[in-house]
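User: I am new to reading protein models and would like to work through one slowly. Could we take it question by question?

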Amino acid sequence: MLFITPARSNLKVIVFPAQYLYDNLGNRRYQAGKSAQFVDGLFETDDKEIIDFLLASPRCGIDYMVQKGQGIDAHVSQEGQEELAKEAEALSTTVHSCPNCSFKAKNEAGLKSHLRLKHADE
Ligand SMILES: [Zn+2]
């Protein structure tokens, strides 16, 4: 299944981190982590564990979406995907700079909350 990010970002989604597991005898063994690493906005996998995780995540349809024509488009409607892609495009090209410091927010809401938190007294 092919996943895409709207802004062609190199998003990395951790499915589960690398970790050490202990068996009944207390022996430690290393278990490699699993993640979805997008490259130029694309990530393709046949790994059901990763696919299930990506589809179930609340970030699905926001940070990334399923490539059209893959049969699971119903998860996010085509209109929804186009809207999200447009929004992501707009967000990635619009920089919301703080007028009072060098802070740059990803979106207007981020800038507003920054202003509220950092410059409430000014
Ligand atoms: Zn500021």
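User: What percentage of the 122 residues in the protein chain is buried?

Analyst: This is a predicted model, and each residue is judged by its surroundings, with a residue called buried if 20 or more other C-beta atoms lie within 10 Å of its own. Among the 122 residues in the protein chain, the buried ones make up 10%.

User: Is His119 buried, partly exposed or exposed?

Analyst: His119 is found in the segment after helix 3 (108–118), and its C-alpha lies 7.8 Å from that of Asn100, although the two are 19 residues apart in sequence. A residue counts as buried at 20 or more neighbouring C-beta atoms within 10 Å and as exposed at 12 or fewer. Because His119 has 13 other C-beta atoms within 10 Å, His119 is partly exposed.

User: Which strands each supply at least two residues of the largest nonpolar core?

Analyst: The largest nonpolar core has nine residues in all, among them Phe3, Ile4, Met65 and Val66. The strands that each supply at least two residues of this core are strand 1 (2–4) and strand 7 (65–66).

User: Which residues is Ile4 in contact with, leaving aside its neighbours within four places in sequence?

Analyst: Ile4 is one of the residues of the largest nonpolar core, as are Tyr64 and Met65. Once neighbours within four places in sequence are set aside, the contacts of Ile4 are Gly41, Leu42, Tyr64, Met65 and Gln67.

User: In what pattern do the helices and strands follow one another along the sequence?

Analyst: The protein chain contains three helices and nine strands. Read along the sequence, they follow the pattern β-β-β-β-β-β-α-β-α-β-β-α.

Technical notes: Residues are numbered from 1 along each chain as its sequence is written. This is a predicted model: local features need pLDDT of at least 70, side-chain atom pairs count only at pLDDT 80 or more; totals for chains, interfaces and linings use all residues. Helices (H or I, at least four residues) and strands (E, at least two) are DSSP runs, numbered from the N terminus. A nonpolar core is a set of buried Ala, Val, Leu, Ile, Met, Phe, Trp, Tyr and Cys residues joined through C-beta atoms within 7 Å. Two residues are in contact if their C-beta atoms, placed from the backbone, lie within 7 Å.
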